[in-house]
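Please open the structure in your viewer and keep the selection tool at hand. The tour below goes from stop to stop, saying at each one what to select and what is there.

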Amino acid sequence: MAEFLDLESQDSVRMPWNVLPGTKADAANCVIPISAVYTPLKPLPAATPLLPYSPLRCRNCRSVISPFSIVDFSSINKIWICSFCLQRNHFPPHYQSISEQNLPAELFPQYTTIEYETTAVHEKAQAGSSNVFLFVVDTCVIEEELGFLKSALLQVLGMVPENCLIGLITFGTYVHVHELGFGQLPKVHVFKGTKEVTKDQLLEQMGFFTKRPRPTTGVIAGVRDGLSQESVARFLLPASDCEFVLNSILEELQKDPWPVPSDQRAARCTGTALSLAAHLLGVCVPGSGARIMAFLGGPSTEGPGAIVSKNLSEPIRSHKDLDKDSVPHYHKAVKFYEALSKQLVHQGHVLDVFACALDQVGVAELKVAIEKTGGLVVLAESFGHSVFKDSLRRVFKSGDNDLGLSSNGIFEINCSKDIKIQGIIGPCASLDKKGPLCSETVIGQGNTTAWKLCGLDKTTSLCIIFDVIKKENPDIVAQSANNHYQHGSGQMRLRATTLSRRWVAGPGIKEDLISGFDQEAAAVVMARQVSFKMETEAEFDPIRWLDKSLIHICSQFGEYQKDSPSSFSLSPRLSIFPQFMFHLRRSQFVQFDKYENCCRHAGDFQFMNGAGLLLCHQSLQNSPDETAYFRMILNRENIANSVVMIQPSLISYSFQSGPEPALLDVASIAADRILLLDSYFTIVVFHGSTIAQWRKAGYHELPEHQAFAHLLQAPRDDADAIIRERFPVPRLVICDQHGSQARFLLAKLNPSATYNSDGVAPGGDIIFTDDVSFEVFLDHLQRLAVQ
Amino acid sequence: MNAIQTGATAAACSAINQVIADLPEGPRTMVGIATFDCTIHFYNLKRALQQPLMLVVPDVQDVYTPLESDVVVPLAEAAFLAMKSTGGKLLVFQSVLPSAGLGSLSAREAEGRSNISAGEKEAHKLLQPADKALKTMAIEFAEYQVYYYYPFSALSDPAKLYNDLRWNVIRPQGFEAVMRVRCSQGIQVQEYSGNFCRRIPTDVDLPAIDCDKTIMVSLKHDDKLQEGTECAFQCALLYTTVYGQRRIRVSTLSLPCTNMLSNLFRSADLDTQFACITKQVASEIPSAPLAQVRDQATSICVNILYSYRKFCATVSSSGQLILPEALKLLPLYTLALMKSTGLRSEGRIDDRSFWINHVSPLPTPLIIPLVYPRMIAIHDLDEKELDDSTIPSPIPLSSEHITDEGIYLLENGEDCLICVGNSVQSSSLQQLFGISSVEEISSQFTLQQYDNPLSKKLNAIVNEIRRQRCSYLRLKFCKKGDPSGMTFFSHMVEDKTQSGLSYVEYLVHIHRQIQSKMA
């Protein structure tokens with residue numbers, strides 16, 4: 001395991017197979033595809049220099065020079081040989097002084113991943129352009145929520161770097177585009193929510209050409225093409241210039257004034273607002289980093305992209321409705337957001353969504369636009385909830401835990417002829433650069449060797465899936481990934497990662513393959529695959545598919561005598577993989593109708609009191625919005641985080657020992673223990689019944705029980721440490737054994753003791769479920785694997 | 001841009017600003033502002049906001065109100081939408097043709113001129129609504145009034161604009177009115193005319209009505225009336241006052257019936273008869289060639305006089321033109337009508353259109369002054385001793401009464417022209433206008449009061465006219481020998497002009513027609 005982590009810290013890559021099967025048939029037997037999870041902006045080891053120049057590229061295949069390139073120092077004109085196409089390239093004159101003793105950094109063997117600063121080339125284009133934040137704020141929310149949202153926005157306004165441009169759109173029944181640069185009085189341009197506006201109409205109607213005539217030909221694109229700086233500055237202003245105006249607008253921001261009949265939903269035109277936001281950015285700052293930050297407080301009911309009608313008698317679509325395809329708005333809305341995502345990708349802009357409502361707001365429909373632009377997404381039940389408030393603050397936070405937001409990435413892959421690219425599952429959009437390296441089998445964003453990442457950050461991770469063609473060459477295969485992006489500081493940078501992995505072929509390769517098996521990476525690739533297939537393949541049965549794959553792997557790589565389940569054993573390299581699959585099968589990615597994160601599934605209980613909410617708590621189902629949310633996060637996070645999503649971590653705290661990992665099993669519950677569960681989206685601090693009693697008695701406040709106070713505090717501190725580093729900020733649940741909130745823990749535990757079992761340890765707990773426990777699962781697995 | 005350049009915008013703003021104080025106070029009074037250029041701007045005037053919020057509605061093809069409330073604390077269609085739920089009054093300030101969006105109009109006059117070859121016959125078409133949308137909107141708006149300032153003068157017009165606006169706001173008025181006229185047996189209503197809309201045939205709907213609006217009701221016989229009986233008419237108007245009271249105003253009239261035409265002619269009311277003729281003729285202008293409309297005016301006049309001649313004055317010799325005493329000025333006013341802005345062939349289409357709109361709801365007492373303005377001499381105010389009235393007796397509208405030494409004031413209830421002869425004594429000029437010679441006259445001026453009896457008298461006269469006419473009057477200087485002089489002399493309806501007969505010639509013309517009818 002450790003060696004994979006080392007490789008990851010050097011190259012930001014994790015691969016399920018670090019030794020590659022040499023033939024198509026071998027690859028097929030591996031079940032899990034040859035793939036790599038690459039985190040393009042993972043911070044590099046501190047020693048790695050940032051090279052202040054542009055990289056050398058092969059004149060044939062455009063690959064970047066790397067430590068794997070063979071350099072011929074002997075000839076007078078020094079030459080390097082491309083490791084992909086074997087093209088011989090001359091070094092340019094300024095490299096003439098290099099020698100074996102005097103290598104440029106990019107040829108150091110430890111710098112297989114290195115960054116170049118290429119601003120020089122783009123200096124002119126990028127001059128003065130810094131990040132742009134266009135806030136799109138929903139006003140169809142109750143006063144209380146609007147208050148929360150306003151104070152959250154006011155708080156982050158002060159955190160926006162001074163040179164960043166800011167714009168504001170508010171919407172409800174109508175879309176209000178605020179002209180922040182007007183000065184004399186607050187001025188807004190009001191657009192009808194039901195009507196889609198084209199970019200041209202926007203240019204005409206918002207008076208971009210009142211002072212200076214519109215060019216008769218060509219596309220209008222920002223200050224470089226056709227617009228004056230002043231007309232752009234009417235809507236997008238540097239943070240330092242508009243802070244006052246924006247503050248007063250936000251303070252006076254009113255709830256959407258149109259009355260909502262009691263049997264109807266508010267008229268909310270999310271689609272039109274987002275489309276106008278995209279047009280505005282497309283007109284003003286095309287090609288430079290900009291984010292649309294949408295704050296949504298309910299479902300879109302008007303105009304394009306509506307997910308439900310205004311009539312409350314029509315419920316918002318559920319998974320069941322999607323399965324039955326009885327979703328009158330869904331496909332139309334998805335189509336609309338697909339078009340929006342194309343536009344945003346073309347413009348190089350990002351859509352971030354902060355959805356805070358008890359209702360669904362349409363994240364399932366918006367998913368395509370968020371994911372293809374690499375946007376952030378946060379789902380919470382209220383704008384007053386820390387999941388929203390703290391997450392929003394994190395976006396603008398600088399320093400240690402900043403997200404490292406970057407923009408306008410272009411990601412390219414080059415690889416040896418022996419493998420081809422099926423596609424990428426992750427937050428990116430294909431740039432349609434087809435070539436001989438594209439496989440005929442396509443998954444995710446495929447049929448290309450270049451992708452656009454409008455927005456990316458330190459943990460953005462792409463899962464690249466390859467195809468093995470045949471083994472031709474000697475032992476190594478190389479892949480190179482280049483990511484060209486606009487750094488948060490506005491600089492253009494290029495990061496090049498070059499990898500080489502060993503091939504094995506023929507009989508007896510099992511051991512070799514096992515030695516290169518990274519089970520965490522494998523579990524994550526499986527999770528992304530299953531989640532992708534569930535979305536795209538009709539009639540896909542995820543449980544069956546996962547089981548079949550697992551059985552296949554176990555019978556391929558397990559040690560056993562045929563038909564003897566008891567003889568079955570797995571190498572330590574594979575030993576926890578079945579456990580990952582067990583938890584993946586039970587996770588929110590695969591099962592919708594079971595999970596506890598359902599408080600938001602509220603349907604239309606938004607205006608009901610506690611009784612209504614209680615009802616939702618009990619309905620154990622994930623909404624399509626939640627599923628979309630979980631999948632988007634799974635598809636963008638790195639291996640470590642994804643593993644926690646699949647199989648939560650559990651730490652136990654007691655007087656007997658310090659904090660120690662505990663089995664994710666109901667048996668870990670004990671009266672005198674505190675458990676800390678990290679399931680990525682939720683962090684649970686669970687007090688055993690005795691601990692809870694002591695706490696209720698206030699022992700921790702007594703000086704003689706300081707040790708107890710420390711015991712109580714330790715999991716809280718650890719939880720805070722996790723919360724500080726994570727985005728979106730997880731929900732913190734603090735609960736006691738037998739309390740109602742304890743279900744957040746119980747739902748994740750292996751049900752080794754259920755109401756059917758006998759002999760529960762005293763102080764322990766049982767889970768009311770009919771789900772099979774891991775032991776039973778493993779039994780079945782062994783039986784089937786040895787057949 | 002025209003509005004801002006001419007100062008019309010500034011004038012409108014300052015007028016509105018002043019008028020707000022004059023609005024009737026009370027919870028029912030609400031005010032909203034909208035401005036427009038190529039887009040429409042509303043303002044959220046909610047009290048909670050520190051500053052009004054400007055709301056730009058850029059889509060002028062498909063206008064909508066951006067707010068549910070707070071806009072009307074309340075322009076064309078959009079403002080109408082804003083007011084839809086409350087009802088109310090819309091004041092539009094406009095300086096050039098609408099060129100974008102709903103109801104955009106092309107400069108039709110230019111169009112009209114370019115196909116001049118089409119001739120006189122086509123001209124009337126210009127006055128028909130070019131855009132259906134405006135007409136539909138009008139049905140919803142109904143009662144309206146147009147104020148017209150052409151060309152806009154930053155110097156003299158703001159005061160008039162303010163006074164017009166103020167009067168518009170403070171004059172006695174009501175909303176949501178419905179009117180119906182009932183008659184006793186034998187008589188029935190034939191038609192209502194004026195500015196209103198009709199939803200059902202028997203009633204007249206008036207979203208707003210004020211003291212300056214007149215509705216003409218034409219009646220017809222549907223049975224024989226008995227000599228010596230009386231015939232009754234009753235008009236009922238249901239309306240809401242500005243303070244929210246719902247009221248009905250009932251006017252009842254009972255008139256004796258006669259079989260004797262001479263009795264009828266004896267009690268004829270020239271003002272009303274002429275008002276009817278004028279309104280009737282005005283309503284024809286948009287649909288018929290002007291020459292035909294003019295002929296129609298003459299033939300109405302001839303028919304009336306012919307009836308008198310035939311049935312009441314049979315004894316006289318046929319060579320004499322006999323006129324009923326009460327209607328003796330009918331030919332003069334008919335001639336004036338034919339030379340009026342509405343019926344003469346020269347002149348701008350906008351002027352004519354305004355004239356038609358102006359005439360339609362115009363109260364009876366103001367009709368004759370409109371076509372046959374009042375002219376008085378003001379250079380000799382000192383010499384005349386005015387007995388009971390402030391205003392000296394009027395002079396007939398004939399250039400033979402105008403001398404080069406004189407200063408004359410001519411008013412028709414809308415405009416007030418002051419014509420200065422070329423050899424006027426400079427002392428008079430000094431006293432009246434504070435200038436020393438005719439050359440210093442510019443067409444734009446505001447009347448000021450100087451500390452001398454002559455000036456004081458003139459001001460008193462002008463104020464009295466304003467009071468009588470319920471109108472602030474647009475004051476203009478006219479000088480003999482330049483275009484402004486031409487305007488002045490175009491009002492001399494008794495003169496012979498290129499296209500029209502002199503009064504005497506017209507009398508002869510009328511006489512001939514009567515004679516030919518008699519034969």
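What follows is a walk through selected places in chains A and B, and it should be read with the knowledge that the model is predicted.

**Aromatic rings in chain A**

Begin with the aromatic side chains, since a search of the whole structure, over all chains, finds 34 aromatic pairs. Select A:Phe135 and A:Phe396, whose ring centres are 6.3 Å apart and whose planes meet at 40 degrees, so that this pair is classed as tilted. The two residues come from distant parts of the chain: A:Phe135 belongs to strand β9 (residues 132-138) and A:Phe396 to helix α12 (residues 386-396), with their positions 261 residues apart in the numbering. Is this pair buried or exposed? Both A:Phe135 and A:Phe396 are buried.

Now move to A:Tyr629 and A:Phe681, a second aromatic pair that is tilted, with 5.6 Å from centre to centre and 50 degrees between the planes. This pair also links distant parts of the chain, 52 residues apart, because A:Tyr629 sits in helix α18 (residues 624-634), while A:Phe681 is in the loop between β26 (674-678) and β27 (682-687). A:Tyr629 is buried, and A:Phe681 is buried as well.

Before leaving the rings, return to A:Phe135 and add A:Phe133, A:Phe295, A:Phe354, A:Phe383, A:Phe388 and A:Phe396 to the selection, and you will have one aromatic cluster on the screen.

**Backbone details in chain A**

Next, select A:Phe727 and A:Pro728, which are joined by a cis peptide bond with an omega of about -10 degrees. A:Pro728 is found in the loop that runs between α21 (706-725) and β28 (731-736) of chain A.

Then go to A:Asn408, a residue that is not a glycine and yet has a positive phi of about 55 degrees. A:Asn408 has its place in strand β17 (residues 406-415) of chain A. With a relative accessible area of 8%, A:Asn408 is under the 20% cut-off and therefore counts as buried.

**Chain B as a whole**

Turn now to chain B and colour it by secondary structure, where you should look for 17 helices and 13 strands. Of the 519 residues in chain B, 44% are buried. The chain exposes about 26500 Å², and carbon and sulfur atoms supply 53% of that area.

**Closer stops in chain B**

Select B:Arg466 together with B:Tyr472, and you will find the charged end of B:Arg466 over the ring of B:Tyr472, 3.9 Å from the ring centre. A further arrangement of this kind can be seen by selecting B:Lys517 and B:Tyr306, where the charged end of B:Lys517 sits over the ring of B:Tyr306, 5.3 Å from its centre.

From there, select B:Leu473, which is not a glycine but has a positive phi of about 70 degrees. B:Leu473 lies in the loop between α15 (453-469) and β13 (474-479) of chain B, and its relative accessibility of 2% makes it a buried residue.

For the last stop, show the surface and select B:Leu261, B:Leu264 and B:Phe311, which form a nonpolar patch there with about 280 Å² of accessible area together. Which helix holds B:Leu264? B:Leu264 is in helix α8 (residues 261-266) of chain B, and, at a relative accessible area of 46%, B:Leu264 is partly exposed.

Conventions. Residues numbered from 1 in each chain as written. Chains lettered and ligands numbered in written order. Predicted model: local features only at pLDDT ≥ 70, side-chain atom pairs only at ≥ 80, totals over all residues. Heavy atoms only, no water. Phe/Tyr/Trp six-rings, centres within 6.5 Å; stacked < 30°, edge-to-face > 60°. Helix = DSSP H or I, 4+ residues; strand = E, 2+ residues; numbered from the N terminus. Buried < 20%, exposed > 50% of the residue type's maximum accessible area, 1.4 Å probe, protein only. Lys NZ or Arg CZ within 6 Å of the ring centre and 35° of its normal. Areas by Shrake-Rupley, 256 points an atom, 1.4 Å probe, with all protein chains shown as cover. Patch = residues over 30% accessible without salt bridge, like charges linked within 9 Å, V, L, I, M, F, W, Y side chains within 5 Å. Salt bridge = Lys/Arg side-chain N within 4 Å of Asp/Glu carboxyl O.
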